Amino acid sequence: MTDWPDVLNVDDLFLRSHLAGDSDRVALRTDDGDVTYAGVDRMTSAYARALASAGVARADRVLIVLPDNQTYVAALFAIFRIGAVAVMVNPGLSEAALAGILRRAQAPAVFVDKRYLADFDKGRLGSGLSLQVLNPDEIDVDGAEDFPTAATGPMDPAIWLFSGGTTGAPKAVVQTHQSLVNTTRLYGQGSLQMSAADTTMSVPKLYFGYATGTNLLFPFSVGASVALFEQHPTPGELFTRIEKYRPTVLVNVPSAINQMLGDASASGRDLSSLRLATSAGEALPETLYHQWKEAFGVELLDGLGTAEMWHIFVTNIVGDVKPGTLGKVVPGFEIKVCDDDGVELPVGEVGRLWVRGESLGLEYFEEPERTRDAFRGEWFVGGDLVSIDADGYVTHRGRADDAIKVKGKWFRPQEVESVLLDHEAVRETAVVAINDESGLARPVAFVVASGPVSEQDLIDWVLRHLEPYKHPRRVYLVDELPQTHLGKVDRSALKRLAV
């Protein structure tokens with residue numbers, strides 16, 4: 001166990017620690033130019049003072065609805081600096097999802113980019129709440145005085161991460177300053193061997209905890225540089241940015257890996273600056289690993305993490321990669337495989353993954369029953385099914401429930417089924433996940449129609465009502481849905497039909 005100090009704040013360790021001798025080091029590389037650590041600190045003080053003027057107090061929650069640029073970084077560290085709790089929001093959330101998060105967070109203030117303000121206001125109106133809106137463009141950075149860092153403790157809340165989610169707002173995992181520091185040291189500085197010589201770049205945006213760590217906190221902890229861009233990460237944008245910023249670490253996800261490999265210009269692009277790329281958020285098919293290595297010659301490190309444990313705790317590392325596996329447990333964490341009764345299983349058997357370490361979250365906010373089910377003493381018990389071989393390599397075997405993960409985000413098929421059933425021409429439906437030609441999970445729907453309707457009509461219907469990644473990639477119109485002997489929809493039979 002680590003002997004944690006009484007006072008611990010991410011702001012001091014990851015930002016202010018560089019001001020004595022490294023203040024002129026480049027912290028951020030953006031389309032608007034480079035920003036030094038001193039520049040980020042100056043912006044952070046200005047934003048912290050704006051929060052204080054808005055009445056934000058220690059332990060209050062503050063929302064961030066910003067693009068990936070210097071304003072996001074300053075807003076996040078300003079929230080840490082005053083001892084508040086950051087709630088990072090995807091700017092592309094639906095009005096209903098945003099309203100749900102607002103009602104749960106009860107935040108007194110929010111940082112919103114002017115480009116997102118109209119959509120944010122719709123969600124705010126839906127929540128029935130009022131809060132102070134802070135536009136970074138209106139905050140005076142040049143004239144701001146230094147703002148002191150709050151003396152938070154290791155177990156004080158620092159950030160909310162959203163995990164799972166079916167309908168409405170997903171579970172809000174409350175994570176601490178200790179968690180952020182612990183995983184930074186063990187995985188960022190340990191497994192990834194980040195140093196001041198690195199420049200990181202990410203496919204996922206900063207509101208995704210995977211990117212918050214790997215493309216901000218980890219590099220900042222060692223005085224490295226972070227490349228940020230606001231544009232959607234198409235293969236063209238990614239290749240162009242890699243050639244422009246020359247990152248040494250690329251934070252990636254399987255969907256984008258597949259798209260980069262399939263891009264017509266891939267063979268002519270220069271990725272020689274990279275010393276490694278990471279993959280997480282969804283299962284990495286072994287074929288994609290080999291195709292990536294053959295195409296680009298860059299090591300690709302698959303790993304597994306959860307919001308409840310803040311970040312990655314099982315990973316492959318440079319010099320020790322076993323394709324098709326998640327690698328081994330990160331030193332400093334402990335894992336085991338158990339049956340449904342919590343009894344540890346022998347080597348090689350498939351069971352539920354248990355993990356413990358000093359990055360364990362505090363709770364699911366205001367969800368005591370679900371907290372008791374998942375947070376069991378020092379252990380977190382999630383829905384991942386894995387096996388561990390005799391050499392310690394972990395292989396992911398799916399989920400304990402029927403949730404579907406697309407582009408790093410979980411959702412339950414019932415959410416899509418509910419939307420489809422609202423269509424006047426749908427009598428029955430079932431949604432399952434199948435693997436596409438690249439081995440990535442994609443949702444498909446089976447529909448028993450009650451009137452004339454086309455496949456595209458139903459796909460468009462779902463796209464109008466849910467976030468795009470949830471829409472079925474195919475809709476099969478059938479006469480009936482197969483059933484098990486218990487009268488339930490036989491989803492295994494549907495998967496076989498789809499294949």
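Here is a short walk through the nonpolar cores of this predicted model and one of its buried strands. Residues are numbered from 1 along each chain as its sequence is written, and side-chain values use heavy atoms, with hydrogens and water left out. Local features need pLDDT of at least 70 and side-chain atom pairs count only at pLDDT 80 or more, while totals for chains, interfaces and linings use all residues.

Let's start inside. The largest nonpolar core (buried Ala, Val, Leu, Ile, Met, Phe, Trp, Tyr and Cys residues joined through side-chain atoms within 4.5 Å) has 110 residues. Buried here means under 20% relative accessible area, with a 1.4 Å probe and protein chains only. Tyr 47, Leu 51, Phe 77, Phe 111, Leu 217, Phe 220 and Trp 292 touch the most other members. Helix H3 (residues 70-81) gives this core its largest share, nine residues; helices (H or I, at least four residues) and strands (E, at least two) are DSSP runs, numbered from the N terminus. A separate core has 20 residues, including Val 416 and Ile 459.

Zoom in on Tyr 47. Beyond its neighbours within four places in sequence, Tyr 47 is in contact (heavy atoms within 4.5 Å) with Thr 71, Ala 74, Ala 75, Ala 78, Phe 111, Pro 136, Ile 139 and Val 141.

Now for strand S11 (residues 249-252), which is covered on both faces: Val 249 and Val 251 are buried on one side, Leu 250 and Asn 252 on the other. S11 pairs (at least two DSSP bridges) with strand S9 (residues 199-202) in the parallel sense over three bridges. Four bridges join S11 to strand S12 (residues 276-279), also parallel. Val 249 sits opposite Thr 200 of S9, and its bridge partner in S12 is Leu 276.

Notes
Buried means under 20% relative accessible area, exposed over 50%, partly exposed in between (1.4 Å probe, protein chains only).
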